[in-house]
Amino acid sequence: MKGRGAVPLALARALRPPPGKCYHHCGRLVRATSIASPLPGRWQVYACPSGVVSVTSYVEWTRRDPSAAARAFLARRTIPATAVRARDLRLATRHGPELGRPVEQILRAAERRPMRVVYWRLYPFKARDGTERRLFVCLRRRHTGPVFFPASPTDGRARCPVCAAGRKRRARSQRPAA
Ligand SMILES: [Zn+2]
Ligand SMILES: [Zn+2]
């Protein structure tokens, strides 16, 4: 358990949205995956099996606004980092009553410290050539942590730039020296 700001599992569970579908893409179920970070709170990324991201959330049990720290983390994990814009991050403050009695009691016991939830939602947008871009996430273990990147949703399984760079490097090292 990390220090101040850490979110007990019971609280994190109460915040989980009901399972949803991947809208305007494949219509399949969106799955929640936890991602690790140096921040004290908990991250969840909600994505379909092809990696199209519906929303990414960060929850911290704190009075302060964790938006700037959350944005800095996302920018480090996104290619290009400029795709993470302040206006796509939304802060919600949860005090408990709307999450049910057990959660409300836990929050009350902690000097009424609320939970802060930062949502990062990047809506589909048009690239310069007029084609659509969606936010994807690659959660493969060959790189540490998630890699977020905008790509065309018609590519099927979009290519993660970090995995693609790794493939190129490997191909180069296997080529015999001239
Ligand atoms: Zn999808
Ligand atoms: Zn990757």
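**Close-up views of a five-stranded sheet and its loops**

**View 1. The hairpin of strand 2 and strand 3 holds a glycine with positive phi.** Five residues lie between the two strands, and among the residues of this hairpin Gly51 has a phi near 95 degrees. The model shown here and in the other views is predicted. Strand 2 covers residues 42–47 and strand 3 covers residues 53–61. They pair in the antiparallel sense over 6 bridges. Tyr46 sits opposite Val55 of strand 3. Arg42 faces Val59, also in strand 3. Strand 2 is mostly covered, with 5 of its 6 residues buried.

**View 2. Strand 1 and strand 2 form a hairpin.** Here 6 residues separate the two strands. The strands run antiparallel and are joined by 5 bridges. Thr33 has Val45 of strand 2 as its bridge partner. Strand 2 thus appears in two pairings: with strand 1 and with strand 3.

**View 3. Five strands make an open sheet.** The strand order is 1-2-3-5-4, and the pairing is antiparallel. Strand 1 and strand 4 stand at the edges. Each has a single partner strand, so one side of each lacks a neighbour in the sheet. From one strand to the next, the twist averages 25 degrees. Strands of a sheet pair through backbone hydrogen bonds, either parallel or antiparallel.

**View 4. Helix 2 packs on the sheet.** Helix 2 touches strand 3, strand 4 and strand 5 (115–120). The direction of helix 2 makes about 135 degrees with that of strand 4. Helix 2 spans residues 67–76, and strand 4 spans residues 89–94.

**View 5. A cis peptide bond joins Ile79 to Pro80.** Its omega is near -5 degrees. Pro80 lies in the loop between helix 2 and strand 4. Most peptide bonds are trans.

**View 6. His24 has a positive phi without being a glycine.** The phi of His24 is about 55 degrees. Most residues other than glycine have a negative phi. His24 is found in the loop between helix 1 (9–15) and strand 1 (31–35). Is His24 buried or exposed? His24 is exposed, because 12 other C-beta atoms lie within 10 Å, and a residue counts as exposed at 12 or fewer.

Conventions: Residues numbered from 1 in each chain as written. Chains lettered and ligands numbered in written order. Predicted model: local features only at pLDDT ≥ 70, side-chain atom pairs only at ≥ 80, totals over all residues. Helix = DSSP H or I, 4+ residues; strand = E, 2+ residues; numbered from the N terminus. Buried ≥ 20, exposed ≤ 12 C-beta atoms within 10 Å, placed from the backbone. Pairing = 2+ DSSP bridges. Axes fitted to C-alpha atoms, helices over the stretch in contact; angles between N-to-C directions. Contact = placed C-beta atoms within 7 Å.
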